[in-house]
Amino acid sequence: MTVSRIERWVSMLPRQELDQPCVSVDGRWLTPKQMLSEARAGTELGRKAQAIWERLGLGTDEEMLIERIKHRLERYSPDKPLFITVAGVLTPRQMLAEVEARSDIGRTWIQTERSYLKYMDKLKERV
Amino acid sequence: MPISGTLLVIQPDFDVATRFCSYWMERTIEHITEKRIRADVLKGGNANLEEFVSSIQKDPAALWGAGHGNEEAYSGQNLVVLLRKGVNEELMVGRVCHLLSCRTGAGGGLLESVAEKGAVACIGYAVDFIIGLAVEPYAESKMTQSLCEPDCEIEKVFADGGTCIEALEASDNKSERWVEYWRGSGHPDADLVIFSIISNRDAKRVYGVPEATSRLTVPPVRVAALAAFWLGMFGVSVALLRRGG
């Protein structure tokens, strides 16, 4: 039952999310793809991940959120402008530096990532 | 007392970011003016300090401005400062001020100060507003549209007589619809756009009176009074004509 719910949930995610960490199990981060694979195989890790996914929702620990931002930005050229803001342009390297330094602006982007995961978590209600 | 039904729009267009803002604001202004709201638009080179002060003297009920900004100041064409914390906030007394600009909505920043100095309400963004993405750097792209429209939605609600709270809700709903669009798009950069939309959505702030409207719509009492006046004039004219005949 739960496996089919995870399958449906995974099918609703943007495809870039499939390889992004989203659940923390015993200190290990799992991506939606890994969680589904473990759940299908019926492993202990898969069962724990399912339980966390069902009851607690997606992980929100800061290190994982930073890892998600890093992973997303890796696809782009680090020193080419990526974000066009009303204050100027921002490269992936600049954004990552702020995030890793946990500066004021870096913290707001970590919070944005948290909101993004909350949105993904809410998609569970539709499966 | 600022004049109901009048809006001052500041629309600089000297770089990529301001051109993107200008492109989508233009479409919203079409919607606003259809509602018989008088929009005084300072576009491009007219978005300067002299024109700004002169337009404020016409006493508009609300201001909608795009342009570069930070915690201390908001600027128009070529970065000329139009509003600065601690310098000319009194220009906004009695008005609703909405800025599509970076960081002017940060706590303790320009807009909070403008509201404290007597603006009815102020809406802005606490962090850098992401207006576009370099993977599709065009004003008319779906990416730019999905980043700009949630802000434009605020003015649409004001034009319909809504409050600041209603405007913010509508803006959030617009953001949600765009997030849904990108989620199902299969676009290779969908996650990046979703992140950017959420960043803008979460950065919105309101100071002053959140229940206030921007008084862009003419109050029904005034409409009724005007209608009664013209009906009366019509009646008098008819009576005079009859007497004359």
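I'll start where the two chains join: strand β3 of chain A, residues 83-85, runs antiparallel to β8(B), and 3 bridges hold the pairing. Before going on, I should say that this is a predicted model.

Two of the residue pairs in that pairing can be named. T85(A) sits opposite I130(B) in β8(B). I84(A) has G132(B) as its bridge partner in β8(B). As general background, strands of a sheet pair through backbone hydrogen bonds, either parallel or antiparallel.

How many strands form this open sheet, and in what order? There are 3, in the order β4(A)-β3(A)-β8(B), and the pairing is antiparallel. So that you can find the edges on the screen: what are the edge strands? They are β4 of chain A, residues 88-90, and β8 of chain B, each of which pairs on one side only. From one strand to the next, the twist averages 30 degrees. A helix of chain B also belongs in this picture. Helix α1(B) lies across β3 of chain A together with β8 of chain B, and runs at about 105 degrees to β8(B).

Now the contact between the chains as a whole. Chain B contributes 31 residues and chain A contributes 21 residues. On the side of chain B that touches chain A, at least two residues each come from α1 (16-34), β8 (130-133), α5 and α6 (190-203). Which element gives the largest share of that side? That is α6(B), with 9 residues. By class, the residues on this side of chain B are 19 nonpolar, 8 polar and 4 charged.

Next, the chains one at a time. Chain A has 6 helices and 4 strands. Reading from the N terminus, its elements go α-β-β-α-α-α-β-β-α-α. The C-alpha trace of chain A spans about 50 × 25 × 25 Å along its principal axes. Of its 127 residues, 33% are buried. For contacts in chain A between residues at least 6 apart in sequence, 52% join residues at least 24 apart.

Chain B has 7 helices and 9 strands. Its C-alpha atoms fill a box of roughly 80 × 45 × 35 Å along the principal axes. Buried residues are 51% of the 245 residues in chain B. Of the contacts in chain B with a separation of 6 or more, 73% are between residues 24 or more positions apart.

Within chain B, I want to show one helix pair. Helix α4, residues 142-159, and helix α5, residues 164-183, have axes that come within 8 Å and cross at roughly 150 degrees. That angle makes α4(B) roughly antiparallel to α5(B). The crossing of α4(B) past α5(B) is right-handed. On the α4(B) side, the contact includes S146(B), E149(B), I154(B) and F158(B). On the α5(B) side, residues in the contact include A170(B), K174(B), W178(B) and W182(B). Counted by class, the contact of α4(B) with α5(B) has 9 nonpolar, 3 polar and 5 charged residues. Note that α5 of chain B also appeared earlier, among the elements that supply residues to the side touching chain A.

Also in chain B, there is a hairpin to look at. Strand β4, residues 73-75, and strand β5, residues 81-84, pair in the antiparallel sense over 3 bridges. Y74(B) has L83(B) as its bridge partner in β5(B). The hairpin has 5 residues between the strands, and N78(B) takes a positive phi near 50 degrees.

That brings me to backbone angles. In general, most residues other than glycine have a negative phi. Where is D26(A) found? D26(A) is in the loop between β1 (23-25) and β2 (28-30) of chain A. It is not a glycine, yet D26(A) has a positive phi of about 50 degrees. D26(A) counts as exposed because it has 9 C-beta neighbours inside 10 Å.

The other case is in chain B. D59(B) has a positive phi of about 65 degrees, although it is not a glycine. D59(B) is placed in the loop between α2 (49-56) and β3 (60-66) of chain B. Why does D59(B) count as partly exposed? Because D59(B) has 13 C-beta neighbours inside 10 Å.

That is what I have for today.

Note on methods. Residues are numbered from 1 along each chain as its sequence is written. Chains are lettered from A and ligands numbered from 1 in the order in which they are written. This is a predicted model: local features need pLDDT of at least 70, side-chain atom pairs count only at pLDDT 80 or more; totals for chains, interfaces and linings use all residues. Axes are lines fitted to C-alpha atoms, for helices over the stretch in contact, and angles run from 0 to 180 degrees between N-to-C directions. Angles under 35 degrees count as roughly parallel, over 145 as roughly antiparallel, 65 to 115 as roughly perpendicular and the rest as oblique. A crossing is left-handed if the near helix is turned anticlockwise from the far one by less than a right angle, and right-handed if clockwise. Two residues are in contact if their C-beta atoms, placed from the backbone, lie within 7 Å. Ala, Val, Leu, Ile, Met, Phe, Trp, Tyr, Cys and Pro count as nonpolar, Asp, Glu, Lys and Arg as charged, and the others, Gly among them, as polar. A residue is buried if 20 or more other C-beta atoms lie within 10 Å of its own, exposed if 12 or fewer, and partly exposed in between; C-beta atoms are placed from the backbone. Two strands pair if DSSP finds at least two bridges between them.
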